[in-house]
Amino acid sequence: MEAAVSVIRPAATARRALLQKSVCAACSSSTSSSSRPFSVLNRPPPNYPGHVPLTKVERAGLAVGSGIMSLINPYRHDLIAALGESTATPYFIYRLRDAMLSSPTGRRILRLRPRLNSKTLNIPHLRSLPPNTVGRAYVDWLDREGVSPDTRADVRYIDDEECAYVMQRYRECHDFYHAVTGLPIVKEGEVALKAFEFANTLLPMTGLSMLAVGTMKPAERKRFWTVYLPWALRNGARSQEVINVFWEEQLERDVRELRAELGIEQPPDLREIRKREKAEKKRLKEIKEHGI
């Protein structure tokens with residue numbers, strides 16, 4: 001009996017040693033894999049649905065590529081979105097998040113995380129509001145420009161989940177900035193609004209977008225330098241942080257009252273200016289054709 005036990009014990013000891021060796025090998029392999037540096041071939045898991053982690057090289061390439069292409073075609077919202085996300089870190093989006101955290105309303109927005117789209121906004125109700133309200137100004141602007149609140153892409157390239165929401169909120173509030181200022185979505189109006197946003201938010205994409213002024217016509221460029229850029233920088237710098245406006249709670253408020261509270265002057269009506277210029281050009285052309 002003792003002889004049998006003496007034979008079994010060495011065999012059991014050998015099996016335990018083999019098991020410990022295989023477990024340690026697996027742990028070593030797992031540790032080695034997790035300690036490998038972040039690269040295209042070793043991408044970490046996403047931090048939120050839709051998130052795409054980028055290496056520094058990928059982020060730089062995305063910033064350069066989307067920046068160049070968005071200058072060529074400023075109506076490619078996907079390129080502008082990619083430029084905004086790839087240039088917002090490591091500092092600027094955190095500064096904007098901290099601005100929200102320093103405001104009671106901003107903190108409430110971060111806690112509730114509301115979204116602005118056709119599912120959360122009652123568009124027919126907004127059309128029934130008085131003309132001087134924020135909601136009516138917003139929906140009138142949507143109808144006049146032929147755009148929808150559902151055109152804003154989801155954030156993908158910002159690693160911090162809370163900062164990703166901050167960027168999403170900025171993106172979805174953009175049309176409210178248009179509505180409150182009255183600036184149209186033509187290139188001249190977009191660049192003017194981006195200049196305002198740069199002075200207010202400091203997001204690099206908004207500043208880089210001003211390079212599109214080089215693609216404007218001479219008259220538009222002159223008007224931007226003399227009228228809309230001074231307006232944008234003055235009002236963007238002195239007004240409250242517009243990221244902290246809970247737009248969903250301001251829809252029935254007088255738009256002029258809100259502008260005054262935020263410290264924003266309404267700029268000259270760009271659409272009306274362009275309309276008068278077009279009519280004048282047409283008049284001069286007719287005079288020339290008829291030899292008057």
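This section describes two helix packings and the internal cavities of a predicted model.

Helices α8 and α9 form one of the packings. Helix α8 spans residues 161–181, and helix α9 spans residues 187–201. Their axes come within 11 Å and cross at roughly 115 degrees. Angles of 65 to 115 degrees count as roughly perpendicular. α8 and α9 are therefore roughly perpendicular to each other. The crossing of α8 past α9 is right-handed. On the α8 side, the contact involves Tyr 170, His 174, Tyr 177, His 178 and Thr 181. These meet Glu 190, Leu 193, Lys 194 and Glu 197 in α9. By class, the residues of this contact are evenly split, with three nonpolar, three polar and three charged.

Helices α4 and α5 form the other packing described here. Helix α4 covers residues 92–101, and helix α5 covers residues 104–112. The two axes lie 6 Å apart, at an angle of about 110 degrees. This angle makes α4 roughly perpendicular to α5. From α4, the residues in contact are Arg 97, Met 100 and Leu 101. Their partners in α5 are Gly 106, Arg 107, Ile 109 and Leu 110. Four residues of the contact between α4 and α5 are nonpolar, one is polar and two are charged.

The search for enclosed space covered the whole structure. Two cavities of 30 Å³ or more were found. The largest has a volume of about 40 Å³. Its lining consists of Tyr 177, Val 180, Thr 181, Phe 196, Val 242, Trp 247, Leu 262 and Ile 264. Helix α8 contributes the most to this lining, with three residues. Tyr 177 and Thr 181 belong to the lining of the largest cavity, and both also take part in the contact of α8 with α9. Seven of the lining residues of the largest cavity are nonpolar and one is polar. No charged residue lines the largest cavity.

The second largest cavity holds about 30 Å³ of space. Leu 116, Tyr 138, Pro 149, Arg 152, Glu 172 and Asp 175 line the second largest cavity. Glu 172 and Asp 175, both in this lining, fall within the residue range of helix α8, 161–181. Three residues of the lining of the second largest cavity are nonpolar and three are charged. Polar residues are absent from the lining of the second largest cavity.

Technical notes:
Residues are numbered from 1 along each chain as its sequence is written. This is a predicted model: local features need pLDDT of at least 70, side-chain atom pairs count only at pLDDT 80 or more; totals for chains, interfaces and linings use all residues. Side-chain values use heavy atoms; hydrogens and water are left out. Axes are lines fitted to C-alpha atoms, for helices over the stretch in contact, and angles run from 0 to 180 degrees between N-to-C directions. Helices (H or I, at least four residues) and strands (E, at least two) are DSSP runs, numbered from the N terminus. Angles under 35 degrees count as roughly parallel, over 145 as roughly antiparallel, 65 to 115 as roughly perpendicular and the rest as oblique. A crossing is left-handed if the near helix is turned anticlockwise from the far one by less than a right angle, and right-handed if clockwise. Contact means heavy atoms within 4.5 Å. Ala, Val, Leu, Ile, Met, Phe, Trp, Tyr, Cys and Pro count as nonpolar, Asp, Glu, Lys and Arg as charged, and the others, Gly among them, as polar. On a 1 Å grid over the protein atoms alone, a cavity is a set of points where a 1.4 Å probe fits but cannot get out, and a pocket is an open set with protein on both sides within 12 Å along at least five of seven lines; lining residues have an atom within 4 Å of a point. Grid points are joined across faces, edges and corners, and a volume is the space filled by probe spheres set on the points.
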